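Q: Got a minute to walk me through this model? I'd like to start with how the chains sit together and then go into the details.

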Protein chains: 2
Amino acid sequence: MGKDDRLFVGVDLGGTNIQAGVVDADGTILGRSKTKTRPENGAEAVVGRIAKTIDEAIVEAKRTRADIAGVGIGAPGVIDFDHSVVVTAVNLRWNNFPLAKVLKAQIDLPVLLDNDVNVCTWGECCAGAAKKFHDVLGIFVGTGIGGGLVFGDKLYRGHFGSAGEIGHTILHADAGLGRRTLENRASRTAIVNLLVELIRANHASMIDKLVDGKLEDVRSKVLAKAVESKDELACEVVARAAHEVGVAAANAVTLLSLPCVVIGGGLTEALGSAYVDLVRIAFRKYVFPSELRACEIVQSKLGDDAGLVGAAFLARQPS
Amino acid sequence: MGKDDRLFVGVDLGGTNIQAGVVDADGTILGRSKTKTRPENGAEAVVGRIAKTIDEAIVEAKRTRADIAGVGIGAPGVIDFDHSVVVTAVNLRWNNFPLAKVLKAQIDLPVLLDNDVNVCTWGECCAGAAKKFHDVLGIFVGTGIGGGLVFGDKLYRGHFGSAGEIGHTILHADAGLGRRTLENRASRTAIVNLLVELIRANHASMIDKLVDGKLEDVRSKVLAKAVESKDELACEVVARAAHEVGVAAANAVTLLSLPCVVIGGGLTEALGSAYVDLVRIAFRKYVFPSELRACEIVQSKLGDDAGLVGAAFLARQPS
């Protein structure tokens with residue numbers, strides 16, 4: 001079989017930014033572009049900006065639209081994959097928007113669409129940390145926590161199309177509302193909220209100083225800096241959150257007998273391998289039966305580009 | 001396509017009893033037999049008793065061995081499905097015993113082997129409560145809690161062959177050892193242990209009277225009688241356990257976006273639909289997103305015969 005020399009554009013569509021990149025069969029990004037999403041200007045305007053970002057990435061890669069075989073998009077929210085429709089995307093303010101169809105009319109290329117976390121998982125399977133595995137769970141930790149599942153080298157979407165919502169699985173069945181799920185306990189939002197609450201209750205932490213007392217400005221990078229500096233409070237809160245991710249991964253692997261879990265997302269990128277090590281320790285403690293400790297807990301290799309590369313592979317190897 | 005008029009024998013091999021039945025394509029049991037397992041006499045002796053039970057069931061069905069197309073077995077413990085070997089079965093005292101091969105040498109019929117809970121799930125999918133669904137989770141509540149998964153009309157065993165261990169998923173990550181998992185909280189063993197503990201601590205319950213003070217004799221039937229009689233303590237403990245099963249089912253469906261969960265096993269048989277109703281209420285409260293409330297939580301239709309019928313279908317429709 002000859003080398004697949006087709007090029008695809010992957011688009012990572014977020015509430016704040018649009019990123020596009022021209023991606024080859026190895027997952028290498030040959031050219032890229034980034035612009036603001038500005039959802040307040042309406043869906044049609046956003047599609048115009050997506051088309052422009054795609055064209056800029058193609059120019060950056062020193063190619064033309066004729067060199068591109070297709071476009072893949074990862075979008076936030078609930079996606080109807082079969083009909084390429086964004087059902088609901090709160091931070092885009094979209095409901096039942098036929099994104100693929102509208103974009104295709106503008107750029108005259110095949111367009112495939114799936115939700116951002118499925119696309120990230122697919123990227124890690126096709127060209128990232130899970131390349132050698134056929135069955136994979138992806139867990140992406142950021143503002144929220146999302147997941148994606150690959151069974152037998154195919155994205156698994158489930159009967160209702162919503163598969164992968166590991167962030168909404170319950171790890172503390174007796175806890176109060178807003179304290180029960182993985183996302184409630186381990187997202188960046190949950191970590192920051194808890195830290196801010198503790199600092200306001202006079203627990204000592206360097207974070208207060210790092211943001212000049214503006215605790216509403218705490219983001220992943222500030223958190224990472226505090227952890228690197230061995231700030232006791234930040235380390236403890238992050239360790240507990242990593243532990244929760246490990247327990248959730250153990251639950252999924254106990255149920256599904258998987259050989260690989262990829263841990264990614266903005267928080268993972270910021271905190272790095274020390275964070276993934278903590279996830280792995282909890283995973284190994286709780287997974288059952290003990291043979292499943294052989295399941296590999298790996299850190300995302302594509303990092304912030306998982307969405308972009310994964311989207312290009314969605315178009316290259318429809319799944 | 002003509003009607004499939006082949007007959008298969010299904011064997012439900014337990015630590016206490018061996019049950020065998022001749023099963024047709026509709027799942028009807030044409031003849032059956034039951035005998036004690038007596039694992040203390042060694043594996044070869046148990047195989048002899050299995051062969052005898054099979055022959056008795058065939059006679060009961062007014063057939064001969066020549067009328068039988070094959071045999072399926074559901075066995076407790078860890079099964080290597082690919083090699084038809086019982087890897088570990090604590091209550092049979094077996095390790096790495098090639099059950100299918102040894103039995104085939106005696107009865108000269110094809111023999112397929114899987115673990116009891118996979119076989120029960122498969123039975124409910126082929127001829128029971130989940131017949132119209134292609135993707136199903138089975139949860140079987142008895143002494144312990146086991147689970148089985150069917151994706152796309154096939155049993156899913158996972159990379160390490162252990163898929164379905166929902167009883168060992170964690171619902172109380174902060175609880176002490178022995179109080180964290182679904183099985184720790186909701187198996188018959190867990191329910192009885194808690195009830196006995198509470199009764200010994202002078203909580204009022206009719207159970208004490210039902211077993212003449214011999215609390216070590218509390219079984220599913222006693223429990224069912226107490227619940228039917230609206231014994232407050234028994235009702236509360238059972239309701240809490242059912243709630244846990246509902247949360248675990250919600251976690252699995254949140255992750256897998258499934259259209260159907262079958263609830264079965266000895267405790268479910270004893271407690272009936274009122275118990276399944278409680279499971280359903282908790283499931284609907286906790287599953288995410290809310291569209292997944294459409295997932296049907298159904299009670300096992302095959303009841304105590306799920307293992308026997310499922311084993312016959314394992315041989316009929318290898319999966």
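A: Sure, what follows goes from the chain pair to the core, one glycine and the sheets.

Q: Anything to know before we start?
A: This is a predicted model, where local features need pLDDT of at least 70, side-chain atom pairs count only at pLDDT 80 or more, and totals for chains, interfaces and linings use all residues. Residues are numbered from 1 along each chain as its sequence is written, chains are lettered from A and ligands numbered from 1 in the order written, and side-chain values use heavy atoms, with hydrogens and water left out.

Q: OK, what turn lays chain A on chain B?
A: A turn of 180° with a shift of 0.0 Å along the axis, giving an RMSD of 0.0 Å; the superposition is by least squares on the C-alpha atoms of residues with pLDDT of at least 70 in both copies. That is the relation of a two-fold axis. The same surface serves both copies, with 100% of the contact residues of chain A recurring in chain B (contact means heavy atoms within 4.5 Å).

Q: How many residues does the contact take from each chain?
A: 38 from chain A and 38 from chain B. The area buried between the two is about 3,400 Å², and carbon and sulfur atoms give 65% of that; buried area is the accessible area (1.4 Å probe) that two parts lose on being put together, summed over both.

Q: Which residues of chain A lose the most area to chain B?
A: Phe160(A), Ile170(A) and Leu255(A), together 20% of what that side buries.

Q: Switching topic: which residues touch the most other members in the largest nonpolar core?
A: Leu256(A), Tyr275(A), Leu256(B) and Tyr275(B), out of 112 residues. Such a core is a set of buried Ala, Val, Leu, Ile, Met, Phe, Trp, Tyr and Cys residues joined through side-chain atoms within 4.5 Å. Buried means under 20% relative accessible area, exposed over 50%, partly exposed in between (1.4 Å probe, protein chains only).

Q: And what does Tyr275(A) touch?
A: Not counting residues up to four places away in sequence, its contacts include Val141(A), Val238(A), Ile263(A) and Leu267(A).

Q: What about Gly138(A), buried or exposed?
A: Buried, at 0% relative accessible area. Gly138(A) sits in strand E9 (residues 136-141) of chain A; helices (H or I, at least four residues) and strands (E, at least two) are DSSP runs, numbered from the N terminus. Beyond four places in sequence, Gly138(A) touches Thr121(A), Gly146(A), Gly147(A), Gly148(A) and Val262(A).

Q: Now sheets. What's the strand order of the open one in chain B?
A: E3-E2-E1-E4-E8, 5 strands with mixed pairing; two strands pair if DSSP finds at least two bridges between them. Strands E3 (29-36) and E8 (111-115) of chain B are the edges, each pairing on one side only. On average, neighbouring strands of this sheet are turned by 15° against each other, direction ignored.

Q: Which strands does helix H2 of chain B touch?
A: E1 (7-13), E4 and E8 of chain B; H2 (residues 99-107) packs on the sheet, and its direction makes about 150° with that of E8(B). Axes are lines fitted to C-alpha atoms, for helices over the stretch in contact, and angles run from 0 to 180 degrees between N-to-C directions.

Q: Back in chain A, why is strand E4 largely enclosed?
A: Because 7 of the 8 residues of E4(A) (68-75) are buried. E4(A) pairs in the parallel sense with E1(A) over 6 bridges, and 5 bridges join E4(A) to E8(A), also running parallel.
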